[in-house]
Amino acid sequence: MAYQTLFEKYGGFSKVSKMVLSFYDTLLDSDEIGPFFDDIDMSKMVDHQTKFVASLLGGPASYSDKQLYQLHNHLDIRDAHFDELKDVLKDTLSDHGVEPADVETVLQEFEQRRSFIVGQPHVD
Amino acid sequence: MSIEAINEQLLRAIGVGVALLDRGSLNFHFHNDTFEEWFGAQVGVNPLPAVFEGLDVAALNSGLNDGGRYTAEISHKKKRRNMVIAVEFTAASEGEQQLVVLVCQNITRIRELESMIDSYSMMVERNTREIKREKEQVEKLLLNIMPRSVYEEFKAFGVVTPQLYDPISVLMLDFVGFTDMVASTDPSVTVTELNDIYSAFDRIGEQFGCERIKTIGDAYITVAGLPDPMPDHSKAVANTAIRFIRYLERRNKSHPHQWHCRIGLASGAVVGSVVGIQKYVYDIFGPAVNLATRLQEFSEPMQISVQDEVAKNLREDFEIDRLGERDIRGFPAQEVWRLHDSKKITPPPKT
């Protein structure tokens, strides 16, 4: 019980919700990643981002690797997209006062899931 | 700057979308900057229905005719973001001209937040259900090692006060040749069978109000009169003991491994308590436990030895034989009796 998740450390849902919204805004405005969300219903998109951020921070959600794969394998996601999202994530967390060491931890967690999200290697 | 100019500046810059429409054609007379920002530069050119897709024009007209007002919520896609706009129409007139004032509030953020709260509360609720399930399992586990009333005390205070139960009856059962059996057959088979047998014993004991206290290897201890006092505690353990043997006899007929037990029954006082801090077990202590163990050693395979005190309570309903006075290690010499299965046994109470 002594172990504290980042989700708890950074103020639980009331704080994390703000990170989620700004993450969501940035993604929608991004011309790199935004198009993936063109036809996605708003509530679905928010739901997805809430769970995404919560699971990365050790909040009350977690995606299994298989789920991640199933959710993404129909999309043409490439390494560049993944990198871009990683940057957005990094900026969002930093902007919301997450300490650099913790940002690094989250990014490493994220990086570990790359193979389940990015499709087969692509030759452009 | 004149008041009119300031008003117009304000109207243009305000964070609410404002437009003025012709009542009949629903063409735009005016729209402010915010309105244009949301709905695009083309907005003034087309009539309203072309801008607000999904707007119920009939409902708008009847609303304006009835009370001069109409409100609705429309969704509008700006770039890839779904905007949710609360719109309010109010009928107005300027001289001869029939107009409609349109005020639009951007409630997208509210809807997004609502979605997020939905999403989050669903996660939390799911987790709560999981925690509840886990808690129930822990509770079930703890109820297996201690009586419910003891568990309730343990839950409320974190400790259990040792409690004296007097009188109660103890049934001690031990298997004959268990050590040899473990050595000669596959131990996992033996243990699986032991588990089956113990489970059956638990069910049998339960029918007569017995509470299993523990098993130590091939020894099985159950008591009657704990935690709730029971007037017929001697009869309860006697009935249970007879059915344990009946069960084993029946089981032996259809199984390759033969299980034979010895049983001892004794009454007296015991103290029940949780022992240990990290690895706690509920256990009972008292002469009745030791005596039942010693008496069990007097039994031939598949027989039940009974303490004199218990025998007195069983005389009316059970068939018992006097074995005579015996020396019992740690106890004064005393009468020991043998309990037999007979047709006189009262049928088990309906559960």
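In this predicted model, helix α5 (residues 79-95) and helix α6 (residues 100-111) of chain A make a convenient starting point, with axes that come within 10 Å and cross at roughly 155°. That angle makes α5(A) roughly antiparallel to α6(A), because angles over 145 degrees fall in that class. The crossing of α5(A) past α6(A) is right-handed. On the α5(A) side, the contact is built from A:Lys86, A:Leu89, A:Lys90, A:Leu93 and A:Ser94, and these face A:Val103, A:Val106, A:Leu107 and A:Phe110 of α6(A). Sorted by class, the residues of this contact comprise six nonpolar, one polar and two charged.

A second helix pair of chain A can be described in the same terms. Two packed helices are described by the angle between their axes and the distance between the axes. For helix α2 (residues 12-29) and helix α3 (residues 42-56) of chain A, the axes come within 9 Å, and the crossing angle is roughly 125°. At that angle α2(A) is oblique to α3(A). Here too the handedness can be given: α2(A) passes α3(A) in a right-handed crossing. From α2(A), the residues A:Val16, A:Met19, A:Val20, A:Phe23 and A:Tyr24 take part, meeting A:Met45, A:Val46, A:Gln49, A:Thr50, A:Val53 and A:Ala54 of α3(A). Nine nonpolar and two polar residues make up this contact of α2(A) with α3(A), with no charged residues.

The helices α2 and α3 also appear where the two chains meet. At this meeting point, 17 residues of chain A are in contact with 12 residues of chain B. Both α2 and α3 of chain A supply at least two residues each to the side of chain A that touches chain B. The largest share of that side, seven residues, comes from α3(A). By class, the side of chain A that touches chain B holds 10 nonpolar, four polar and three charged residues.

Turning to chain B, its 351 residues include 28% that are buried, and its secondary structure contains 11 helices and 13 strands. Among contacts in chain B between residues at least 6 apart in sequence, 56% join residues at least 24 apart.

Five strands of chain B form an open sheet in the order β2-β1-β5-β4-β3, with antiparallel pairing. The edges are occupied by β2 (28-31) and β3 (69-78) of chain B; each has a single partner strand, so one side of each is left without a neighbour in the sheet. From one strand to the next, the twist averages 25°.

At one edge, β2(B) is joined by three bridges to strand β1 (residues 17-22) of chain B, and the two run antiparallel. Within this pairing, B:Leu21 stands opposite B:Phe28 of β2(B). At the other edge, β3(B) is joined to β4(B) by 10 bridges, again in an antiparallel arrangement. One of the residues involved, B:Arg69, has B:Thr90 of β4(B) as its bridge partner. The hairpin of β3(B) and β4(B) has two residues between the strands, and B:Lys79 takes a positive phi near 55° there.

A helix accompanies this part of the sheet. Helix α4 (residues 57-67) of chain B lies across β3, β4 (81-94) and β5 (97-106) of chain B, and runs at about 150° to β3(B).

Conventions: Residues numbered from 1 in each chain as written. Chains lettered and ligands numbered in written order. Predicted model: local features only at pLDDT ≥ 70, side-chain atom pairs only at ≥ 80, totals over all residues. Axes fitted to C-alpha atoms, helices over the stretch in contact; angles between N-to-C directions. Helix = DSSP H or I, 4+ residues; strand = E, 2+ residues; numbered from the N terminus. Parallel < 35°, antiparallel > 145°, perpendicular 65-115°, else oblique. Left-handed = near helix turned anticlockwise from the far one by under 90°. Contact = placed C-beta atoms within 7 Å. Nonpolar A, V, L, I, M, F, W, Y, C, P; charged D, E, K, R; others polar. Pairing = 2+ DSSP bridges. Buried ≥ 20, exposed ≤ 12 C-beta atoms within 10 Å, placed from the backbone.
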